[in-house]
Amino acid sequence: MGTKRAAITGIHAWVPDYVLTNDELATLVDTSDEWITTRTGIKERRILKGRDQGTSVIGIAAVKGLLEKTDTDPGDIDLLICATTTPDMLFPATGNIISKAVGAVNAFSYDLQAGCSGFLFALTTAAQYIGSGYCRKVIVVGADKMSAIVDYQDRATCIIFGDGGGAVLLEPSADGLGLCDALLRSDGAGEPHLHMKAGGSRRPPSIATLEAREHFVYQEGSTVFKFAVKNMAQVAYEIMNRNGLVAEDVAFLVPHQANKRIIDATAEKMGIGPEKVMLNIEKYGNTTSGTIPLCLHDYEAQLHRGDHLVLAAFGAGFTWGAVYLRWAYDPG
Ligand code: UT7
């Protein structure tokens, strides 16, 4: 992970106010609260409403809160990486928009797209800049406005996604705590099973792509589910093993929140009980790059210096991975 270890020294998250419940979804598509709850664990999700509101709205709120909470001067930020699959525009990068809005005038910034594994890929990338000594203060944002690309006529996908995200501050570790290991993987063979057909350079927007509803998430749910269960559980288990961790050592599993059944399978493979699994899928659904920072934020008060955490994700690409880190600060 580089010569200097990078530690998370602060976290903040933000979700929009509007709550889209399972009951409201049942007025849009043929579904029910009972089906969604038992098949996914989701009860509600947040939606960013309003004209011209992009993912940067989420990122800006998260980063502003983070800077305030950690008493950090935005001018001291060297780099901001925004993990997102729903950038405000194809270009410029949403990271640039966030940096400008928060006054991070000395930072270079860019976006990183790795589907639902985006936050872990960005966190690991950021740690390399700190490890090499090139940067001292890096912000990693994980944020998505999934409602912008979800088809609210497709009951198999619209029920799982929501909007939201968070941001962490990374700094060189003073005491050896921080990111210890990462195990990241991708396989382009996942493309047919989870993608958005149009809007990129292969199929630019046209009347035909609009009429064919090609600007929405296309997901073969049960195929993605099988790959997710197998691969997310495997990397989480592997990263524990290769770092000599047993279940008792792990304070929390911090899993990507796509489906509670995928999370349960990962915890089971690791041999850890539900009390050690961060879970907020019932409130926010799958916010893609946002789920892991949203979890860390919700559980921040329960984390202590030195805690061993395993973060794990699976997403479009396919991409998947696990990060092992030691939490660097106490609550408050
Ligand atoms: O985040 C990154 C990657 N994404 C994921 O990890 C998502 C992984 N996949 C999943 O979480 C699940 O596959 C879903 C929640 C998306 C779907 O659940 P499933 O249990 O895999 O359902 P399915 O797609 O296999 O469909 C089973 C049945 C079908 O009916 P028939 O053909 O058996 O009559 C579907 O039409 O359930 C039906 N169905 C629904 N019924 C009521 C699918 N969606 C719904 C729905 N309400 N919302």
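Strands here are DSSP runs of type E with at least two residues, numbered from the N terminus. The model is predicted. One such run is strand β6, residues 138-145, and I139 lies in it.

Start at I139. Its relative accessible area is 1%. Buried means under 20%, so I139 counts as buried. Which residues surround I139, leaving aside its neighbours within four places in sequence? Contacts come from V63, L66 and L67, from I77, L79, L80 and I81, and from A167, V168 and L169. Take L67 as one case. In sequence, L67 and I139 are 72 residues apart. In space, their C-alpha atoms are 9.5 Å apart.

Now step back to the whole chain. The protein chain has 11 helices and 13 strands. Among its contacts with a separation of 6 or more, 77% join residues 24 or more positions apart. Of the 332 residues, 55% count as buried. The exposed area is about 13900 Å², and carbon and sulfur atoms supply 52% of it. The C-alpha trace spans about 55 × 45 × 35 Å along its principal axes. The radius of gyration is 19 Å, which agrees with the value near 20 Å for a compact globule with 332 residues.

Next, look at a pair of helices. Two packed helices are described by the angle between their axes and the distance between the axes. Helix α8 covers residues 221-242, and helix α9 covers residues 260-270. They pack at about 30°, with axes 8 Å apart. Their crossing is right-handed. On the α8 side, the contact includes F225, M232 and Y237. On the α9 side, I262, A265 and M270 are among the residues met. The contact residues divide into 11 nonpolar, 2 polar and 2 charged.

Technical notes
Residues are numbered from 1 along each chain as its sequence is written. This is a predicted model: local features need pLDDT of at least 70, side-chain atom pairs count only at pLDDT 80 or more; totals for chains, interfaces and linings use all residues. Side-chain values use heavy atoms; hydrogens and water are left out. Axes are lines fitted to C-alpha atoms, for helices over the stretch in contact, and angles run from 0 to 180 degrees between N-to-C directions. Helices (H or I, at least four residues) and strands (E, at least two) are DSSP runs, numbered from the N terminus. A crossing is left-handed if the near helix is turned anticlockwise from the far one by less than a right angle, and right-handed if clockwise. Contact means heavy atoms within 4.5 Å. Ala, Val, Leu, Ile, Met, Phe, Trp, Tyr, Cys and Pro count as nonpolar, Asp, Glu, Lys and Arg as charged, and the others, Gly among them, as polar. Buried means under 20% relative accessible area, exposed over 50%, partly exposed in between (1.4 Å probe, protein chains only). The radius of gyration is taken over C-alpha atoms; the globule rule is 2.2 Å times the number of residues to the power 0.38. Accessible areas come from the Shrake-Rupley method with a 1.4 Å probe; for residues, only the protein chains shown count as cover.
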